[in-house]
Amino acid sequence: MSHGTLSASQSQSQLSTPPIPIWVGLLGVLCAAMAGGMAWGIRGQYGHESGAMIAGALVGFTLILFFAPHITNLTGARAVAMMTVAVGIGGSMTYGQTVGLTHDGPLVGHWGALRWGLLGLFIKGGIWIAIAATFFGMGLGGKRYRWWEIGLLMPALICLMFLGIWVLNTPFDPETKQLPALYFSDSWFFEPEPEVLPDGYQPLKPRFEMWGGLLFAWIGLTAYVSFIRHDKLARNLALIGFVAGGLGFSGGQCVQAYHAWNPETFQTEIWSTMHINWWNMMETSFGLIFGTILAIGVWFNRHLISSGSQSDEVTIAPPWEITLCVIHIILLVAAEFWPLPKQIFWLSQIYIQWGLVMSTIPLIGIVGGRYWPYLMTLPVLTIPIAGKTMRGLAYAGEPTISVGFGALVLMAIPIGIATIAAAFLISAQLRRQSARAMAAWGLLVTSWLFYGLNCAFFHFGWPWNYLLQWPPQFAAMIDFVRDRSQWDGRTHSGLIFALFVSCLTMAALWGLVTAWRQKHDRIVEEA
């Protein structure tokens, strides 16, 4: 059978996709929005690539839970893992100065800078989520992508990335003030340098952009799944993902830009005492918008989700799976945390700064293995998040906890929980547990793991701390808990994330109960 032709069984499996009630679809959209909002809001504390992967896991599990419960367990786990890895690719792009074009003090009132900044955010956000959505569709569309195919595809995308950088992101020579024609970071065009430099003047430092490279890579990926593999679901989600990410980033930043452009609106007594972290509100809004649009897109393309078992084929032997996983973890940890000798420092820089390079080994393992999909979304994803939380509390600035306490509470326990959860899901997959139950367990564990780690990173910025009087002995043990005499910029995010994680927990419990009832009904019918 050729790549572009569906077998009769595949066509039938797609045509027999069971319908879902309207209320379930609407609930799925709402939960995907909350998963995206919380995950993207948490992402800001943990950096570009590894932080963004939190959103891939939470949103991916939510989409499987509501919109693809009929697929096999392993197929659903692979789709979530592919999205988790792929959403980290967009983290290679710089965007801080692009955001700054819309709200930095010297540019407030500059409509040209606002429009240009929002256009840049639309393009960068669109690329970011489009790549993730494309790989998610590749995991669900019934086309069997093999490990060697990914092994050939990823180097081709890397080549396209460098071609796109050369075409769209060069020349870049700040010393001679040569910048690309399409440049979305701050530049002398919007902020001309004064002829006489005042004391304390900080010269403008344009940043190197690589969005053109990822744009070329995404176009190449979309062309491959569309015209060579004829994967309609991946193609459709690629386009929907671009719209979702574009509207999410630009729309989320409108919230922050409005605050900067209209300060008089926020000078009332109520607003002045709230101390809102508008940057985090932008990130949370980004996640809310892209999660909503992507969920609607998956809902309306459910008929293209294959319910066949052809995607359950395992083509990588367990020893090779474990070997690939160990290699990836070593490279990831070395790039994130270890001070490497100058002779091999370039290796870590390549691995952590180029998302396409970092995603190659995981994607090969995910499409070919049985264990990688579960390991990637749980312990492998948890390692950098737990490590960065400990680094922020035990090493950065003035440490607020001891190294031993942090190693136990912030690293050993979370990574241990994630590993046990992965082993449980692997065992359940071997027992042919449903995809809905898998997604429910995955959502429950990941949402609470990353919510808890973020709470520690926030020094437990809970709004109800104001109502608690900590005993002196207990307070001494947890001296990294913030003085909650007043609300600060993290309190509002903590309140929003607490609401979201509570709703996602109820959704996961609903999924477990529904999966159990369906299993019970099948047993009764067979009896």
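Which residues of α5 are buried? Before selecting them, note that this is a predicted model, in which local features need pLDDT of at least 70 and side-chain atom pairs count only at pLDDT 80 or more, while totals for chains, interfaces and linings use all residues. Residues are numbered from 1 along each chain as its sequence is written, and side-chain values use heavy atoms, with hydrogens and water left out.

**Helix α5**

Select residues 96–103, which form helix α5; helices here are DSSP runs of H or I with at least four residues, numbered from the N terminus. The buried residues of α5 are Gln 97, Thr 98, Val 99, Gly 100, Leu 101, Thr 102 and His 103, so the helix is mostly covered, with 7 of its 8 residues buried, where buried means under 20% relative accessible area, exposed means over 50%, and partly exposed lies in between (1.4 Å probe, protein chains only). Now add α6, α9 (232–261) and α11 to the view, since the buried residues of α5 pack against these helices.

**Helix α11**

Move next to residues 278–300, the 23 residues of α11, whose first and last C-alpha atoms are 33 Å apart, close to the 33 Å expected at 1.5 Å a residue; the expected span is 1.5 Å times one less than the number of residues. At the start of this helix, select Asn 277 and Trp 279, where a side-chain oxygen of Asn 277 reaches to within 3.2 Å of the backbone nitrogen of Trp 279.

**The largest nonpolar core**

Select Ile 64 and Met 138, which touch the most other members of the largest nonpolar core, a group of 145 residues; such a core is a set of buried Ala, Val, Leu, Ile, Met, Phe, Trp, Tyr and Cys residues joined through side-chain atoms within 4.5 Å. Helix α6 (residues 111–140) gives the most to this core, with 15 residues. Around Met 138, leaving aside neighbours within four places in sequence, the contacts (heavy atoms within 4.5 Å) include Met 82, Tyr 145, Leu 221 and Asp 231. A second, separate core has 6 residues, among them Ala 394, Ile 401, Leu 410 and Ala 456.

**The loop between α7 and α8**

Go to the loop between α7 (147–168) and α8 (211–228), where Pro 171 is found, and look at the cis peptide bond that joins Thr 170 and Pro 171, with omega of about 5 degrees. Lys 177 lies in the loop between α7 and α8 as well, and has a positive phi of about 60 degrees although it is not a glycine. Lys 177 counts as partly exposed because its relative accessibility is 47%.

**The loop between α16 and α17**

In the loop between α16 (403–430) and α17 (435–457), select Arg 432, whose phi is near 65 degrees, a positive value in a residue other than glycine. Arg 432 counts as exposed because its relative accessibility is 75%, whereas Gln 433, placed in the loop between α16 and α17, is buried because its relative accessible area is 18%. Not counting residues up to four places away in sequence, Gln 433 touches Asn 73, Phe 424, Leu 425, Ala 428, Met 438 and Trp 441.

**Last stop**

Finish by selecting Pro 69, His 70, Ile 71, Ser 434 and Ala 435, the closest to the centre of the largest pocket among the 27 residues that line it. α19 gives the most to this lining, with 4 residues.

Key
Helix = DSSP H or I, 4+ residues; strand = E, 2+ residues; numbered from the N terminus. Polar contact = N/O pair within 3.5 Å; in protein donor to acceptor, adjacent residues only side chain to side chain. 1 Å grid on protein atoms, 1.4 Å probe; cavity = no way out; pocket = protein on both sides within 12 Å on 5 of 7 lines; lining within 4 Å.
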